Amino acid sequence: MDATFFFDPVCPWTWRASRWLVTVAQARGLSVEWRSFSLAILNDGKVSPEFAPVLAASSRALRLVEALHAQGRADDAGRFYTELGARTHEAGDPLSVELVDAAVAAAGLGADAPALDDDGWDEAVRASHALAYASAGPDIGSPVLMVPDADRGVHGPIFTEVPGLDDALTVWDSVLPLLRMPVFHEIKRGRR
């Protein structure tokens with residue numbers, strides 16, 4: 001894999017970063033591994049009750065992501081996330097159990113749907129989350145980007161909107177050497 005992208009499907013910042021990475025991957029012929037980063041795990045015990053159903057739906061989706069990862073099916077995981085993001089972030093609807101199920105069907109993954117409700121995949125989600133957090137943390141959230149030959153990953157990049165092709169490639173070409181530089185720590189702007 002040329003890049004590993006750890007994500008929680010509920011996060012709109014993560015969605016924009018994923019669309020950036022898809023643009024770059026298509027333009028440069030890169031392969032992307034899609035892995036779990038769980039905001040439910042990150043915020044364990046600190047989630048308001050109204051946000052709990054959204055995180056429960058996300059947790060179901062991440063089980064499927066890890067089940068597909070275990071089978072080496074990165075493209076299927078990416079297609080599932082694309083369908084899920086289209087139904088949530090693009091449509092402006094909150095993540096729900098029903099939207100997860102609809103994304104599974106639209107991605108042609110109906111035979112894999114039992115993983116959504118198989119809590120046996122929760123340990124794989126925790127392990128993926130722990131890998132991402134150890135790589136880029138502490139004090140990070142979703143997404144985390146890792147590349148081969150880099151000691152650590154990074155949280156982000158974070159975009160206010162999905163960049164066009166030229167800007168997407170410029171960001172990739174700028175971030176890649178920073179990721180591989182052991183002394184690099186952080187670049188940040190405050191959100192507006």
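Which residues does Glu90 touch, not counting residues up to four places away in sequence? Let's work that out, along with a few other puzzles.

Before we start: this is a predicted model, where local features need pLDDT of at least 70, side-chain atom pairs count only at pLDDT 80 or more, and totals for chains, interfaces and linings use all residues. Residues are numbered from 1 along each chain as its sequence is written, and side-chain values use heavy atoms, with hydrogens and water left out.

**Exercise 1. Place Glu90 and find its contacts.**

Step 1: Find the element. Glu90 sits in helix α4, residues 74–90. Helices here are DSSP runs of H or I with at least four residues, strands are runs of E with at least two, and both are numbered from the N terminus.

Step 2: Check the surface. Glu90 is exposed, its relative accessible area being 55%. (Buried means under 20% relative accessible area, exposed over 50%, and partly exposed in between, using a 1.4 Å probe and protein chains only.)

Step 3: List the contacts. Leaving out residues up to four places away in sequence, Glu90 touches Trp15 and Gly85. Contact means heavy atoms within 4.5 Å.

Step 4: Compare sequence with space. Glu90 and Ala52 are 38 residues apart in sequence, and their C-alpha atoms are 21 Å apart.

**Exercise 2. Describe how α3 packs with α5 and with α4.**

Step 1: Know what to look for. Two packed helices are described by the angle between their axes and the distance between the axes. The axes are lines fitted to C-alpha atoms, for helices over the stretch in contact, and angles run from 0 to 180 degrees between N-to-C directions.

Step 2: Take α3 and α5. The axes of α3 (residues 52–70) and α5 (residues 97–106) come within 8 Å and cross at roughly 25°. The two helices are therefore roughly parallel to each other. (Under 35 degrees counts as roughly parallel, over 145 as roughly antiparallel, 65 to 115 as roughly perpendicular, and the rest as oblique.) The crossing of α3 and α5 is right-handed. (Right-handed means the near helix is turned clockwise from the far one by less than a right angle; left-handed means anticlockwise.)

Step 3: Name the residues. From α3 come Ala57, Arg60, Ala61 and Leu64, and from α5 come Val97, Val100, Asp101 and Val104. By class, that contact has six nonpolar, no polar and two charged residues. (Ala, Val, Leu, Ile, Met, Phe, Trp, Tyr, Cys and Pro count as nonpolar, Asp, Glu, Lys and Arg as charged, and the others, Gly among them, as polar.)

Step 4: Now α3 and α4. These pack at an angle of about 160°, with their axes 9 Å apart, so α3 and α4 are roughly antiparallel to each other. Their crossing is right-handed. Ala61, Leu64, Val65 and Leu68 in α3 meet Asp76, Ala77, Phe80 and Leu84 in α4. Sorted by class, the α3 contact with α4 has seven nonpolar, no polar and one charged residues.

**Exercise 3. Draw the sheet and say what covers it.**

Step 1: Order the strands. Four strands form an open sheet, β2-β1-β3-β4, with mixed pairing. (Two strands pair if DSSP finds at least two bridges between them.) The edge strands are β2 (32–36) and β4, each pairing on one side only.

Step 2: Check directions. β1 and β2 run parallel, joined by five bridges, and Phe6 stands opposite Arg35 in β2. β3 and β4 run antiparallel, joined by two bridges, and Val144 stands opposite His155 in β4.

Step 3: Add the helix. α6 packs on the sheet, touching β1 (3–7), β2, β3 and β4, and its direction makes about 110° with that of β2.

Step 4: Look at the faces of β2. In a regular strand the side chains alternate between the two faces of the sheet. Here Val32, Trp34 and Ser36 point one way from β2, Glu33 and Arg35 point the other way, and all are buried.

**Exercise 4. Hunt for unusual backbone.**

Step 1: Recall the usual case. Most residues other than glycine have a negative phi, and most peptide bonds are trans.

Step 2: Find the cis bonds. One cis peptide bond joins Gly137 and Pro138, with omega about 5°; Pro138 lies in the loop between α6 (122–136) and β3 (144–146). The bond from Gly156 to Pro157 is also cis, with omega near 5°, and Pro157 is in the loop between β4 (154–155) and α7 (165–179).

Step 3: Find the positive phi values. Asp139 has phi near 60°, and Asp149 has phi near 65°. Asp139 is exposed at 74% relative accessible area, and Asp149 is exposed at 69%.
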